[in-house]
Every structure is written in C-alpha cells, then in structure tokens.
Amino acid sequence: MQNNLIQQNFIVPAKYKGKRIDATLATLLPHYSRTLIKEWIETGQITIDGKIKKPKDKVTGNEHVCLEATLTENTSDQPEDIPLDIVYEDDDLLVINKPVGLVVHPGAGNRQGTLLNALLHHCPTLTTLPRAGIVHRLDKDTSGLLIIAKNLKTHTALVDQLQKRKISREYEAIVYGTFTGGGTIDAPIGRDPHHRTRMAITDKGKPAITHYRIIEHFSSHTHIAVRLETGRTHQIRVHMTSLHHPLVGDMTYGNKTRLPKQASEECTRVLRGMKRQALHARRLKLTHPTTKESIEFESSLPEDMQTLLRVLRENKTPVPRHSRFAVNPAQRHPRESGDQEKTIEHENPATVKNNDKKQQGESS
C-alpha cells in the first residue's frame with residue numbers, strides 16, 4: 001500500500017566504522033526494531049551505496065543508505081480492551097496519560113496487557129505502523145503523557161521532531177537530598193557493563209542532556225522539574241543518581257528509603273510505601289504535523305506523588321546549611337558562593353552546569 005511506504009536516505013557517520021550494518025542502522029533508525037531492519041536488509045529494501053548487503057557486514061563510514069520499505073501489518077500482537085486515559089485525539093495523533101504499572105511495549109514476560117495492545121484495540125489501523133505509532137516511551141512505573149502517531153505521515157514527522165529535539169518534554173520528580181539551584185547534566189548513557197538490566201553513565205554511551213530546576217525544597221528532599229533534550233533509557237533516573245540525588249522510590253538506582261530527621265509516622269509510612277520512582281511526565285509541547293500549530297498538553301501529578309508532597313510539607317523543617325545529602329559546595333549557586341557560573345567535571349563522564357537564579361523561574 002502506498003500509504004505504508006517508508007522512504008529515507010542518509011549517510012552513515014564515520015564513527016560507526018567497523019560495526020555491523022544491522023547494529024548501526026538499529027542505532028540510526030531507533031523507531032524500528034532490529035529484527036525489522038535485518039529483514040529489510042536481507043530483502044533489499046535497505047541498500048548500502050546502491051548494493052544489497054548482509055546484516056553482519058561491517059560499515060566503513062560515509063556510506064549512503066537508501067531505505068524504501070513497505071510496512072506490513074502487525075499480526076503478532078493482539079488488541080486488548082484496556083481503558084485509556086485520552087488527553088487529546090484527532091485524525092493524526094493521540095495523546096494519552098499513562099498510569100503507573102502499564103508497560104508500553106510487549107516484551108519478555110509482558111506479551112499482553114501493554115499500552116500497545118490497548119492502542120491496537122482503540123485504533124485498529126495502527127497495526128501498519130512501527131510499534132503501533134508509539135514514538136517515545138515511559139518506564140513501566142513512570143506515569144504521564146505519551147504521544148502516538150495515527151498514520152505514517154504523522155509518525156515520520158514526529159520522529160523527525162524528536163530527532164531534532166523540537167518536542168519539549170517536561171517531568172516532575174521528587175528526589176533525595178537538597179539542591180541550592182537548578183542545572184544541566186550532560187553525560188552519555190549506555191548499558192551498565194556490570195548489570196545488564198541497568199543503564200549507567202559511560203564513555204561508550206549515547207549523548208544525554210538533562211535540565212533541572214527547583215520547584216520546592218523540603219528538609220531532606222527536593223521537588224524538581226526536569227526537561228529532556230534527549231530520550232535515553234532511564235535518563236532522568238541515571239542522571240539524578242549521578243548527582244547522589246536518586247528518585248524517591250527508585251529501587252533500581254536508589255537502593256533504599258531515606259527518612260528525614262524526626263519524620264512523622266505518616267511521613268515514614270508514605271516514604272516506605274513508595275514502591276515506584278517518583279517521576280511523572282507532566283508536560284508535552286510540539287508542532288502539530290498537519291496544522292503546523294504549536295500544541296501543548298499537561299497532566300496533573302498522580303495521587304501517590306501528591307500525597308508524598310503533602311507529607312513532606314507537613315514534615316518540613318529549615319534546610320540545614322551542611323546537610324548529609326546537600327550539594328557539594330563547589331556546585332552551589334553562583335550568587336550564593338560568590339563565584340561566576342561554572343561547569344563541574346565529575347569522576348564519571350558527566351558535566352553539570354549550574355543555572356543563574358533568574359533562570360529557575362522560567363519554564364523548561
């Protein structure tokens with residue numbers, strides 16, 4: 001079908017020299033599965049410098065890749081009548097508010113009951129789109145806004161906006177420890193070589209940039225807003241942990257519950273009962289692929305995070321000047337330390353840049 005024809009041309013960056021063709025293209029075409037890319041290579045729907053190659057062949061860099069493929073209907077995943085919290089819908093796209101606990105894509109141990117299954121039931125034509133039109137993802141235990149394309153033209157346009165960092169994604173999180181100001185974390189993220197189910201900051205990782213600003217201080221916790229420039233797996237969780245400020249409830253990267261001094265019985269109960277990372281995709285802003293208008297969506301914090309904020313406020317005491325989890329004095333706000341804005345190199349390959357106070361009130 002003509003409407004399901006994908007056409008794309010690009011040059012392989014020289015840095016991929018020596019890597020397998022299928023692995024390289026899976027990186028350069030992240031919205032298609034490696035299995036599908038391998039099939040396209042084998043059937044000649046992807047050519048390299050005009051020639052059909054084998055998936056295991058190596059790239060030399062600077063090759064011309066031509067993709068002309070027809071998407072076939074997805075018959076392996078079944079539609080399921082799972083309720084969706086729809087924030088917005090038109091003929092081109094769909095924005096949903098994902099609840100905690102809902103897996104986005106089927107995978108090992110999660111072949112059913114996913115967002116993808118729900119989308120196939122809600123809109124059966126999504127069977128012809130990559131990943132049923134899902135162009136970005138949220139972790140199972142992260143709540144909030146997700147955008148879904150309903151046709152190939154919209155899918156292509158949204159993927160292009162994501163790659164060019166033109167879609168603004170803002171999150172809210174509650175982390176351990178106290179900050180003196182917002183900042184930017186610029187640190188590559190890749191698979192943790194020692195724990196394959198985790199991600200880590202590594203020189204071999206992909207570029208990852210996270211901006212954060214303070215919403216509210218508590219005695220030993222901080223409510224922050226986070227804006228992503230990139231969308232790496234577990235990006236916010238890994239980056240905040242690299243600053244020694246893991247997310248409340250994150251048992252993968254935070255390891256254990258930390259209680260404030262003289263915590264009330266309710267505060268203790270709520271903190272210990274938070275069994276998922278306190279992270280919510282609060283705001284999405286993008287250009288509508290058809291109307292070209294700027295559109296923005298917002299989602300309220302879920303009940304568990306609202307309850308956590310309430311008990312932290314009720315348990316709030318003045319922030320000590322030298323808290324156990326306080327930011328290193330070298331990272332303090334320029335106006336508080338008397339220094340000019342500075343960039344701090346960490347032991348891991350991360351770069352943190354402190355923002356000026358006037359930027360903390362700006363939306364990001």
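Which residue follows helix 2, and what is the sign of its phi? The residue is Gly-44, and its phi is positive, near 80°. I begin there, colleagues, and I should state at once that the model before you is predicted.

Let us turn to helix 2 itself, which spans residues 34-42. Three of its residues deserve attention: Ile-37, Trp-40 and Ile-41 are buried. They lie on the same side of the helix, because the arc they cover around the axis is only 100°. The general background is familiar: an α-helix has 3.6 residues a turn, so residues three or four places apart point the same way. Thr-35 and Glu-42, in contrast, are exposed, and they sit on the other side of helix 2.

What do the buried residues of helix 2 pack against? Their partners are strand 1 (5-11), helix 1 (21-28), strand 2 (46-48) and strand 3 (64-70).

This leads to the nonpolar cores. The largest of them has 59 residues, and Leu-25 and Ile-46 are those with the most contacts inside it. Helix 3, residues 115-122, gives the most to this core, contributing four residues. Apart from this core lies another, of 15 residues, which includes Val-270, Leu-271, Leu-308 and Leu-309. As a general remark, nonpolar side chains in soluble globular proteins tend to be buried together.

Leu-25 merits a closer look. With neighbours within four places in sequence left aside, Leu-25 is in contact with Phe-10, Ile-37, Ile-41, Ile-46 and Val-65. Two of the names in that list, Ile-37 and Ile-41, have already appeared among the buried residues of helix 2.

I come now to helix 5. Is this helix largely enclosed or largely open, and why? Helix 5 is largely enclosed by the rest of the structure, because seven of its eight residues are buried. The buried residues are Gln-235, Ile-236, Arg-237, Val-238, His-239, Met-240 and Ser-242. Following this helix comes His-244, whose phi is positive, near 65°.

Within helix 5, which covers residues 235-242, I single out Val-238. Its relative accessibility is 6%, and Val-238 therefore counts as buried, the cut-off being under 20%. If neighbours within four places in sequence are set aside, its contacts are Ile-189, Met-199, Ala-200, Ile-201 and Tyr-253. Ala-200 is an instructive case: it stands 38 residues from Val-238 in sequence, yet the two C-alpha atoms are 6.3 Å apart in space.

That concludes my presentation, and I thank you for your attention.

Methods: Residues are numbered from 1 along each chain as its sequence is written. This is a predicted model: local features need pLDDT of at least 70, side-chain atom pairs count only at pLDDT 80 or more; totals for chains, interfaces and linings use all residues. Side-chain values use heavy atoms; hydrogens and water are left out. Buried means under 20% relative accessible area, exposed over 50%, partly exposed in between (1.4 Å probe, protein chains only). Contact means heavy atoms within 4.5 Å. The arc is that of the directions from the helix axis to the C-beta atoms. A nonpolar core is a set of buried Ala, Val, Leu, Ile, Met, Phe, Trp, Tyr and Cys residues joined through side-chain atoms within 4.5 Å.
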